Amino acid sequence: MKVGIIGTGDVGRALALGLSGARHEVALGSRNPGNAEPPPPALIGTRKEAASWGDVVILAVPFHAVPDTVQAMGPNALNGKVLVDATNAVGTTGLAVGYTTSGAEELQKLVPGARVVKAFSTAFAETMSTGRAGGEAIVLPVAGSDAAAKDTVMRLAADVGFDPVDAGPLRNARYLEPLAMQLMHLAYGPPKMGTNLGLKLLRGTA
């Protein structure tokens with residue numbers, strides 16, 4: 001598939017490597033494409049160019065930059081497209097939204113014509129190019145209310161190497177976004193487990 005990744009930070013670059021390695025075409029969108037060096041064989045362009053080009057668009061920018069980024073992409077450019085929200089809904093003192101909404105649901109309001117799916121925010125950039133930690137596939141919860149869009153994202157995640165799990169409708173991003181914060185605490189807080197970690201679900205037999 002043609003995947004436009006908006007953002008050229010650690011997350012965007014790692015996903016570009018993983019998806020390119022799985023034989024998907026990737027283009028990165030940047031505020032300053034002339035100053036950005038994409039990981040080969042990914043292409044580089046403006047945020048609007050990458051969003052218009054991709055069949056699937058992944059939003060991989062800081063949460064506070066979402067409104068400006070959506071405006072730069074042009075909401076109409078996303079009509080009918082799968083839009084993956086990989087952002088962490090984190091403010092200066094903790095979770096930026098929650099309880100009655102989520103960052104992903106607010107994104108859907110900004111781009112009502114897109115098919116928003118929440119994914120990748122529960123994984124660290126260090127693991128995003130392979131979907132693995134400690135030699136094992138990381139479980140990746142994927143939430144979305146459009147079944148076909150969610151299935152597309154789950155297939156992309158599996159292609160990279162993740163173990164994708166259907167996490168229900170988009171409103172369940174309210175649970176995934178705090179989960180991402182808990183993982184950050186494990187990585188950087190008192191346990192200091194580092195970022196080469198991820199979720200794992202154990203499935204028992206009936």
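Contact here means heavy atoms within 4.5 Å. By that measure, residues 24 or more positions apart account for 68% of the contacts in the chain with a separation of 6 or more. The structure is a predicted model. The chain has six helices and 10 strands. Strand β1 pairs in the parallel sense with β2 and also with β4.

**Overall dimensions**

- For 206 residues, a compact globule would have a radius of gyration near 17 Å; the chain has 16 Å, so the two agree.
- Along the principal axes, the C-alpha atoms fill a box of roughly 45 × 40 × 35 Å.
- Of the 206 residues in the chain, 50% are buried.
- The chain exposes about 9,700 Å². Carbon and sulfur atoms supply 54% of that area.

**Strand β1 and its partners**

- β1 covers residues 2-6. Four of its five residues are buried, so the strand is largely enclosed by the rest of the structure.
- Five bridges link β1 to β2, which spans residues 25-30, in the parallel sense.
- Within this pairing, I6 has G29 of β2 as its bridge partner. V3 has V26 as its bridge partner in β2.
- β1 also pairs with β4, residues 56-59, over four bridges. This pairing is parallel too.
- In β4, I58 stands opposite I5.

**Strand β2 and strand β3**

- Five of the six residues of β2 are buried, so β2 is largely enclosed by the rest of the structure.
- β2 runs parallel to β3, residues 43-46, and four bridges join them.
- T46 of β3 stands opposite S30.

**V3 in β1**

- V3 lies in strand β1. Its relative accessibility is 0%, and the cut-off for buried is under 20%, so V3 counts as buried.
- V3 and V26 are 23 residues apart along the chain, yet their C-alpha atoms are separated by 4.9 Å.
- Setting aside residues up to four places away in sequence, V3 touches L19, E25, V26, A27, W53, V56, I58 and L156.

**Helix α1 and the β-α-β unit**

- β1, α1 (residues 10-21) and β2 form a β-α-β unit. The unit is right-handed.
- α1 has 12 residues. From its first C-alpha to its last it reaches 16 Å, close to the 16 Å expected at 1.5 Å a residue.
- Buried in α1 are G12, A14, L15, A16, G18, L19 and S20.
- These buried residues of α1 pack against β1, β2, β4 and α5 (147-160).
- R23, just after α1, takes a positive phi of about 75 degrees.

**R47 in helix α2**

- R47 is in helix α2, which covers residues 47-53.
- At 14% relative accessibility, R47 falls under the 20% cut-off and therefore counts as buried.
- Beyond its neighbours within four places in sequence, R47 is in contact with I6, G29, S30, R31, D68, T69, A72 and M73.
- I6 and G29, both in that contact list, are bridge partners in the β1 and β2 pairing.

**Helix α6**

- α6 runs over residues 173-188. Its 16 residues should span 22 Å at 1.5 Å a residue; the end C-alpha atoms are 22 Å apart, so expectation and model agree.
- The buried residues of α6 are A173, R174, L176, E177, A180, L183 and A187.
- They pack against two kinds of element. The strands are β5 (82-85), β6 (115-118) and β9 (139-144). The helix is α4 (103-110).

**A89 in a loop**

- A89 sits in the loop between β5 and α4.
- Its relative accessibility is 2%, so A89 counts as buried.
- A89 and V142 are 53 residues apart in sequence. Their C-alpha atoms are 16 Å apart in space.

Notes. Residues are numbered from 1 along each chain as its sequence is written. This is a predicted model: local features need pLDDT of at least 70, side-chain atom pairs count only at pLDDT 80 or more; totals for chains, interfaces and linings use all residues. Side-chain values use heavy atoms; hydrogens and water are left out. The expected span of a helix is 1.5 Å times one less than its number of residues. Buried means under 20% relative accessible area, exposed over 50%, partly exposed in between (1.4 Å probe, protein chains only). Two strands pair if DSSP finds at least two bridges between them. A crossover is right-handed if, with the strands pointing away from the viewer, the path from the first strand over the helix to the second runs clockwise. The radius of gyration is taken over C-alpha atoms; the globule rule is 2.2 Å times the number of residues to the power 0.38. Accessible areas come from the Shrake-Rupley method with a 1.4 Å probe; for residues, only the protein chains shown count as cover.
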